[in-house]
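Trainee: I would like a close look at one part of this model. Please take me through the loop region that carries the charged pairs, and then place that region in its wider setting.

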Amino acid sequence: MPDALSQNLAYIRPSETVAISAETKRRRASGEDVLDLSVGEPDFDTPSIAAQAGIQAIQKGLTRYPPNIGIIELRAAMARTLSLMSGGRPVNPDHIVVSSGSKQAIFNACFSLFGPKDKVLIPSPAWVSYPQIVHLCRAEPIAVPGDPEWGLKVSVQDLEKNTDKLVRGLILCSPCNPTGAVYTAAEVKAIATWAKEHGIWIIADEIYRRISYGNGPAASFLDLPDEYLERVVVIYGASKAYAMTGWRIGAALAPMHLAKAMAAVQSHTTTGANQPAQWAAAAAFSDERVEQDVQRMVVAFRNRRDRVVERFRSSAPGVEFVEPHGAFYFFFRVDGITKGLTGTSFCDQAMAAGVAMVPGAAFGDDRWVRMSYAVSDQDLEKALDRILDLVGRLAASQAA
């Protein structure tokens, strides 16, 4: 019998989204016609200016160990970008720690802040890794169900009902994965005020902030005065808006004492992020021509969002969904299509019909399904045809 594994892994399970993506790749490699709407990854190429900056860094020999907290050129470029998105507020690059992806940044923050007996509130449905990361810190994740009438977002009242003296943190994602919902400026301020009154840390995952369908970037905690930010960590990175998922560059902006603690944690785990990738990201954050690429990608995502919403409203009027205002996900409810239908069952049948999606069980509620529309327009139309045909067939079987 193999030795028992560490208790650190007592709650850990593999990422459902990664597993579904791997299964989709396996099926496609074997010749099956499967359209992949499961993965949270832009379908666009990395902007050429950023890619060339990475190539040039390699050619210049910038391939040795980088500074643990990130090269100053990237931290300064990130600080400038975050400052511009929030009306020019000062952002100190010394408070930024660059990591190997935003997931590493979230882990660094959680590991530095939370431990045994601590509780961390997580609005649900939520990205699969949040509760797993909290468990790795020996803390307890507390799911706070969002209101379906409010885009599955949570209010201060929802948070208050789930708060006791052991609650030390809140992880909030906006624009939200998996729903595409976006918290307004007033909602962000209300949550920040509540957290300040309770002395609760906020980890604000704003990796999708630039992919917003309102007037400019989504509302941020960085839009608030400094007095609200004493216990706030802002997570950002290059993956989503800049189509740089594989470059693995994320970052956290935190109060100085916490930034130092996170850097210390990182110095004993991954150390500094890939140096050529940091130079590529520095170009992405600083070159205005890349910003034009970002704007074109956001327009494409918005157009696809509009198409998905239009198709569901016209062909599946009885199916409830969250209208996305950011990110590139469409979250729809399936338990009303036929009695007892779950997201897992629906996704199994959709896979058989040639579309890969993620059941809501991965995010904490198996009544729902997440679909990514970060695919080509042609593939999106084919996938919608298959999905809506499945919805129609299931609804017809219920009527019969």
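Mentor: What follows starts with the loop between two strands and then moves outward to cores, cysteines, backbone and surface.

Keep in mind that this is a predicted model.

Start with the loop between strand S6 (201-205) and S7, where both Asp223 and Arg209 lie. Their side chains meet in a salt bridge, at 3.3 Å from N to O. The partners sit 14 residues apart in sequence, so the bridge ties together separate parts of that loop. How does each partner stand, buried or exposed? Asp223 is partly exposed, at 39% relative accessibility. Arg209 is buried, at 1%.

Now take Arg210. This residue also lies in the loop between S6 and S7. Which residue does Arg210 form a salt bridge with? The partner is Glu291, and the closest N and O atoms are 2.3 Å apart. Glu291 belongs to helix H10 (residues 288-315). The two residues are 81 residues apart in sequence, so this pair ties the loop to the helix. Arg210 is buried, with a relative accessible area of 12%. Glu291 is partly exposed, with a relative accessible area of 21%. The cut-off for buried is under 20%, so Glu291 falls outside that class.

The general idea is simple. Side chains of opposite charge can pair when their charged atoms come close.

How many salt bridges are there by this rule? The count comes to 27. One of them joins Asp335 and Arg333, with the closest N and O atoms 2.7 Å apart. Asp335 is partly exposed, at a relative accessible area of 26%. Arg333 is buried, at 19%; the limit for that class is under 20%. There is also a network of salt bridges, which links Arg307, Glu310, Arg311, Glu381 and Asp385.

Next, the nonpolar side of the picture. Phe221 is one of the residues that touch the most other members of the largest nonpolar core. That core holds 95 residues. Leu37, Phe312, Phe332, Phe346, Met357 and Ile387 are also among those that touch the most other members. What is Phe221 in contact with, leaving aside its neighbours within four places in sequence? Its contacts are Leu172, Val188, Ile191, Ala192, Ile202, Ala204, Glu206, Leu229 and Val232. Glu206 is on that list too, beside the nonpolar names. A second core is separate and has 39 residues, including Ile20, Val233, Ala254 and Leu258.

Then the cysteines. A search of the whole structure finds zero disulfides. For Cys110, the nearest cysteine sulfur is that of Cys137, 5.2 Å away. A disulfide needs the sulfur atoms within 2.5 Å, so Cys110 is in no disulfide. Cys110 is buried, at 0% relative accessibility. Cys347 is in no disulfide either; its nearest cysteine sulfur, that of Cys176, is 17 Å away. Cys347 is buried as well, with a relative accessible area of 6%.

Now check the backbone. A cis peptide bond joins Ser124 and Pro125, with omega of about 10°. Pro125 is in the loop between strand S3 (119-124) and helix H5 (129-136). The bond from Ser174 to Pro175 is also cis, with omega near -10°. Pro175 lies in the loop between strand S5 (167-173) and helix H7 (185-198).

Positive phi values deserve a look too. Arg138 is not a glycine, yet its phi is near 65°. Arg138 is found in the loop between H5 and strand S4 (140-145). This arginine is partly exposed, with a relative accessible area of 46%. Arg248 is another non-glycine residue with a positive phi, about 60°. Its place is the loop between strand S7 (232-237) and strand S8 (250-253). Arg248 is partly exposed, at 38%.

Finish at the surface. Leu5, Leu9, Ile12 and Leu136 make a nonpolar patch of about 340 Å². Ile12 lies in the segment before helix H1 (16-29). Why can Ile12 count towards the patch? Patch residues need over 30% relative accessible area, and Ile12 has 31%, so it passes that cut-off.

Key: Residues are numbered from 1 along each chain as its sequence is written. This is a predicted model: local features need pLDDT of at least 70, side-chain atom pairs count only at pLDDT 80 or more; totals for chains, interfaces and linings use all residues. Side-chain values use heavy atoms; hydrogens and water are left out. Patches are made of residues with over 30% relative accessible area and no salt bridge: like charges are joined within 9 Å, nonpolar side chains (Val, Leu, Ile, Met, Phe, Trp, Tyr) within 5 Å. Accessible areas come from the Shrake-Rupley method with a 1.4 Å probe; for residues, only the protein chains shown count as cover. A salt bridge is a side-chain nitrogen of Lys or Arg within 4 Å of a carboxyl oxygen of Asp or Glu. Helices (H or I, at least four residues) and strands (E, at least two) are DSSP runs, numbered from the N terminus. Buried means under 20% relative accessible area, exposed over 50%, partly exposed in between (1.4 Å probe, protein chains only). A nonpolar core is a set of buried Ala, Val, Leu, Ile, Met, Phe, Trp, Tyr and Cys residues joined through side-chain atoms within 4.5 Å. Contact means heavy atoms within 4.5 Å.
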